[in-house]
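Welcome! Please have a look at the sequence and the fold below, and then read on for a short tour of a few residues.

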Amino acid sequence: MAKIEEILSNVSAERGVVSILLQNPDRIIECSSEEIYSEHFAVRGNQVLYSVICHLVEQGTERFDSNVVYSTIQDEVAKADIDDLGGRLYIDTLLQASIISSNLTTYIRLVKEASLKRRVHELAESIKQDVRKADSVSE
């Protein structure tokens, strides 16, 4: 049986989105039209990378390498999140990944579906806690 974390995230789809964007920054327009945001990513490091890519594209960067991406991250906690994934090596791996860029829309859909599952799960957990509190008060 799958662990709850595996059900509530799609890490490979997250890597797919980030990898495609690192290799093809002009595809950020599709992400915008599909309304995907960093908050949709389950892995904090992927959230950071997505935000950095968006920032760099907004600044006019047309090509990426791991040094440009990594050095753009100023926040130490965010940098630690990337380091947890392998730092520059992780970014290099995504830059060099053999990935079919035409699957970007599919990856976006999968990331957003997993995000929705996480939100529903969080809401269910919150309701469960509220019911337990109400039960303990009524006893």
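A polar atom in the side chain of Gln-47 lies 2.7 Å from the backbone oxygen of Phe-41. This comes from a predicted model, so please read the values here in that light. Gln-47 itself sits in helix α4, which covers residues 44-58. Leaving out residues up to four places away in sequence, Gln-47 touches Ser-38, Glu-39 and Phe-41.

Phe-41 also takes part in the one aromatic pair that the structure holds. Its partner is Tyr-50, and the two rings are 5.1 Å apart, centre to centre, with 35° between their planes. That pair counts as tilted, because the angle is neither under 30 degrees nor over 60.

Now let us turn to helix α7, residues 88-96, where Ile-91 has its place. Leaving out residues up to four places away in sequence, Ile-91 touches Leu-22, Leu-49, Ser-66, Val-69, Tyr-70 and Ile-82. How far apart in space are Ile-91 and Arg-109? From C-alpha to C-alpha they are 22 Å apart, with their positions 18 residues apart in sequence counted as the separation.

Are the residues of this tour buried or exposed? The table gives the values for four of them.

| Residue | Relative accessibility | Class |
|---|---|---|
| Phe-41 | 1% | buried |
| Tyr-50 | 4% | buried |
| Ile-91 | 0% | buried |
| Gln-47 | 16% | buried |

Gln-47, at 16%, counts as buried because the cut-off is under 20% relative accessible area.

Conventions:
Residues are numbered from 1 along each chain as its sequence is written. This is a predicted model: local features need pLDDT of at least 70, side-chain atom pairs count only at pLDDT 80 or more; totals for chains, interfaces and linings use all residues. Side-chain values use heavy atoms; hydrogens and water are left out. Rings of Phe, Tyr and Trp (its six-membered ring) pair if their centres lie within 6.5 Å; planes under 30 degrees apart count as stacked, over 60 as edge-to-face and the rest as tilted. Buried means under 20% relative accessible area, exposed over 50%, partly exposed in between (1.4 Å probe, protein chains only). Helices (H or I, at least four residues) and strands (E, at least two) are DSSP runs, numbered from the N terminus. Contact means heavy atoms within 4.5 Å. A polar contact is a pair of N or O atoms within 3.5 Å; within protein, one must be able to donate a hydrogen and the other to accept it, and residues adjacent in sequence count only if both atoms are side-chain atoms.
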